[in-house]
Amino acid sequence: MIDEDDPLGPLDPDFAAQFKRDDRRPACQLYLISPLDVSGGFPDRLRRALGAGPVAAFQFRVKDIDQHAAAALAEPLQKICAEHDVAFIINDSIALAKRLGADGVHLGQGDGDPREARAELGPGAQIGVTCHASRHLAMEAGERGADYVAFGSYFPTTTKQVEHHAEPVLLSWWSTMFEIPCVAIGGITPANGRPLVEAGADFLAVSHAVWGGDEEAAVKAFAAVLAR
């Protein structure tokens with residue numbers, strides 16, 4: 001079935017079988033996404049998670065609260081990320097990212113243009129774009145200046161409603177054709193993540209697999225998967 005967002009149609013499954021990761025490409029890294037509730041003791045949980053193993057980035061993702069409340073929740077988390085040299089990325093809101101001086105912003109398809117984000121946040125900001133299962137959307141994001149593209153969902157997930165399902169071959173194709181990093185997202189766990197690394201993912205984006213249980217144990221388990 002052709003993804004409605006991808007007029008390029010399906011990829012040849014044999015592409016994945018022939019794929020070999022370019023040794024010049026950095027090793028796959030862990031990208032944490034916050035739960036929707038980051039109040040209470042969550043800052044301590046974040047500190048434990050970031051101390052348990054290598055994490056490249058943390059995305060602050062909250063919904064249905066005003067910018068002042070979001071900023072108050074984000075500031076202590078941003079400080080913890082800075083202490084651990086972890087990029088602090090804001091989900092959806094260019095305005096909140098600018099207000100906080102965040103390291104970057106992650107945009108859904110309805111959250112603004114990467115060019116707008118670049119103009120507001122400057123040349124050093126990390127700008128990511130959700131591209132579902134679409135090569136067309138990913139190439140469009142790259143042309144508009146995105147620093148990374150995110151594909152998914154790869155597996156069933158409770159974090160958000162799944163409307164698009166991506167195949168690992170998409171990661172293989174992207175990392176063969178383009179230097180811009182690609183992020184795999186959606187239901188990824190230590191048990192199922194390794195094939196996505198081998199398919200070409202530059203980052204594994206995870207949320208419930210870490211925050212749904214013991215965050216320290218989960219980050220350590222992902223570190224073992226990524227180190228293999």
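**Exercise 1. Find the aromatic cluster and examine one pair from it.**

Solution. Let us start with the cluster itself: Phe42, Phe58, Phe60, Phe88 and Trp211 form one aromatic cluster. Keep in mind that this is a predicted model.

Step 1. A search of the whole structure gives 10 aromatic pairs.

Step 2. Take Phe42 and Trp211: their ring centres are 4.8 Å apart and their planes meet at 65°, so the pair is edge-to-face. The cut-off needed here is that planes over 60 degrees apart count as edge-to-face.

Step 3. Now place the two residues. Phe42 belongs to helix H2 (residues 42-52) and Trp211 to helix H9, so the pair ties together parts that lie 169 residues apart in sequence. Both Phe42 and Trp211 are buried.

**Exercise 2. Describe how Tyr31 and Tyr148 meet, and say whether each is buried or exposed.**

Solution. A pair of aromatic rings is described by the distance of the centres and the angle of the planes.

Step 1. For Tyr31 and Tyr148 the centres are 5.8 Å apart and the planes stand at 75°, so this pair is edge-to-face.

Step 2. The pair links distant parts of the chain, with Tyr31 in strand E1 (residues 29-33) and Tyr148 in strand E6, 117 residues apart.

Step 3. For burial, the cut-off is under 20% relative accessible area. Tyr31 has 3%, so Tyr31 is buried. Tyr148 has 7%, so Tyr148 is buried too.

**Exercise 3. Work out the surroundings of strand E6.**

Solution. In a regular strand the side chains alternate between the two faces of the sheet.

Step 1. Check both faces of E6: Tyr148, Ala150 and Gly152 are buried on one side, and Val149 and Phe151 are buried on the other.

Step 2. Five of the five residues of E6 are buried, so this strand is largely enclosed by the rest of the structure.

Step 3. Look for a partner: strand E5 (residues 126-130) pairs with E6 in the parallel sense over three bridges. Within E6, Tyr148 has Gly128 standing opposite.

**Exercise 4. Characterise the largest pocket.**

Solution. Step 1. The largest pocket holds about 770 Å³ of space. Its lining counts 37 residues, and those closest to the centre are Arg61, Thr157, Lys160, Gln161 and Ile185.

Step 2. Sort the lining by class: 11 residues are nonpolar, 20 polar and six charged.

Step 3. Ask which elements contribute. Strands E4 (104-107), E6 (148-152) and E8 (203-206) and helix H9 (208-211) each supply at least two lining residues. The largest share, three residues, comes from E6.

Definitions and conventions: Residues are numbered from 1 along each chain as its sequence is written. This is a predicted model: local features need pLDDT of at least 70, side-chain atom pairs count only at pLDDT 80 or more; totals for chains, interfaces and linings use all residues. Side-chain values use heavy atoms; hydrogens and water are left out. On a 1 Å grid over the protein atoms alone, a cavity is a set of points where a 1.4 Å probe fits but cannot get out, and a pocket is an open set with protein on both sides within 12 Å along at least five of seven lines; lining residues have an atom within 4 Å of a point. Grid points are joined across faces, edges and corners, and a volume is the space filled by probe spheres set on the points. Helices (H or I, at least four residues) and strands (E, at least two) are DSSP runs, numbered from the N terminus. Ala, Val, Leu, Ile, Met, Phe, Trp, Tyr, Cys and Pro count as nonpolar, Asp, Glu, Lys and Arg as charged, and the others, Gly among them, as polar. Rings of Phe, Tyr and Trp (its six-membered ring) pair if their centres lie within 6.5 Å; planes under 30 degrees apart count as stacked, over 60 as edge-to-face and the rest as tilted. Buried means under 20% relative accessible area, exposed over 50%, partly exposed in between (1.4 Å probe, protein chains only). Two strands pair if DSSP finds at least two bridges between them.
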